[in-house]
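Please open the structure in your viewer and keep the sequence panel visible. The tour goes from the whole chain to single residues.

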Amino acid sequence: MLYWAGVALGPLAWGINLQSVYTFAHFSCEKTRISGAVLSAILVLVALAGTAMSARAVRRSAGAEWADAQGGGPRAFMAWLGVGTGVLFALVIANQLFASLMISPCLR
């Protein structure tokens, strides 16, 4: 399951972040905005944790690619895809975090 960690955790964290930002937007105008920022920061770490798990799976199977006649097969591809996807979604969540810190939620 380490191969799929970045592919699964990155989009899952982004989906939770997007829905929570829309949920907290109504309440953020009246109170502090720090709850959404903390949740977004935690979800960036979740996406990066998926990336780290996929990268660890790539590193563990690096020697097996040379021994396999087909060159590693789909597991190495999915692990590299997980690394890329996890980094991409971590950047998207961080972008939404910075935008929510700069733009006032009361401007609707």
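What follows is a list of stops, each with a selection to make and a description of what is there.

**Whole chain**

Start with everything shown as a cartoon, bearing in mind that this is a predicted model. The protein has four helices and zero strands, and the order along the sequence is α-α-α-α. Colour by relative accessibility next: of the 108 residues in the protein, 32% are buried. In a surface view, about 7000 Å² is exposed, and carbon and sulfur atoms account for 71% of that area. If you display contacts between residues at least 6 apart in sequence, 87% of them join residues at least 24 apart.

**Stop 1: the nonpolar core**

Select A13, L43, V44, A47, A90, I93 and A94; these seven residues form the largest nonpolar core. Helices α2 (34-60) and α4 each supply at least two residues of this core. In general, nonpolar side chains in soluble globular proteins tend to be buried together.

Now narrow the selection to A13, which is found in helix α1. A13 is buried, at 2% relative accessible area. Leaving out residues up to four places away in sequence, A13 touches L43, V46, A47 and I93. For a distance check, take the C-alpha atoms of A13 and F89: they lie 8.0 Å apart in space, with the two positions 76 residues apart in sequence numbering.

Move on to A90. Which residues is A90 in contact with, apart from its neighbours within four places in sequence? They are V44, A47 and L48.

**Stop 2: the aromatic pair**

Select W14 and F89 and show their side chains. The model has one aromatic pair. The ring centres of W14 and F89 are 6.0 Å apart and the planes meet at 50°, so the pair counts as tilted. W14 belongs to helix α1 (residues 5-28) and F89 to helix α4 (residues 73-102), so the pair ties together parts that are 75 residues apart in sequence.

Is each ring residue buried or exposed? W14 is partly exposed, with a relative accessible area of 29%. F89 has a relative accessible area of 18% and is buried, because the cut-off for buried is under 20%.

**Stop 3: two buried serines in α2**

Select S40, located in helix α2. S40 is buried, with a relative accessible area of 1%. Show everything in contact with S40 and hide its neighbours within four places in sequence: N17, V21, I93 and L97 remain. Among these, I93 also belongs to the core of Stop 1.

Then go to S54, also placed in helix α2. S54 is buried, at 0% relative accessibility. With residues up to four places away in sequence left out, S54 touches L2, Y3, A5, G6, A79, G82 and V83. One of these, G6, is 48 residues from S54 in sequence, yet the two C-alpha atoms are 5.6 Å apart.

**Stop 4: V58**

Stay in helix α2 and select V58. V58 is buried, with a relative accessible area of 11%. Outside its neighbours within four places in sequence, V58 is in contact with A79 and W80. A79 is also among the residues that S54 touches. Draw a C-alpha to C-alpha distance from V58 to V83: the value is 8.9 Å, for two residues 25 apart in sequence.

**Stop 5: T23**

Return to helix α1 and select T23. What is the exposure class of T23? T23 counts as partly exposed, at 46% relative accessibility. The C-alpha atoms of T23 and G36 are separated by 9.3 Å, and the two residues are 13 apart along the chain.

**Stop 6: a nonpolar surface patch**

Switch to a surface view and select F98, L101, M102, I103 and L107. These residues form a nonpolar patch on the surface, and their accessible area together is about 590 Å². To finish, pick L107, which lies in the segment after α4. L107 is exposed, with a relative accessible area of 67%, because the class exposed requires over 50%.

Notes. Residues are numbered from 1 along each chain as its sequence is written. This is a predicted model: local features need pLDDT of at least 70, side-chain atom pairs count only at pLDDT 80 or more; totals for chains, interfaces and linings use all residues. Side-chain values use heavy atoms; hydrogens and water are left out. Rings of Phe, Tyr and Trp (its six-membered ring) pair if their centres lie within 6.5 Å; planes under 30 degrees apart count as stacked, over 60 as edge-to-face and the rest as tilted. Buried means under 20% relative accessible area, exposed over 50%, partly exposed in between (1.4 Å probe, protein chains only). Patches are made of residues with over 30% relative accessible area and no salt bridge: like charges are joined within 9 Å, nonpolar side chains (Val, Leu, Ile, Met, Phe, Trp, Tyr) within 5 Å. Accessible areas come from the Shrake-Rupley method with a 1.4 Å probe; for residues, only the protein chains shown count as cover. A salt bridge is a side-chain nitrogen of Lys or Arg within 4 Å of a carboxyl oxygen of Asp or Glu. A nonpolar core is a set of buried Ala, Val, Leu, Ile, Met, Phe, Trp, Tyr and Cys residues joined through side-chain atoms within 4.5 Å. Contact means heavy atoms within 4.5 Å.
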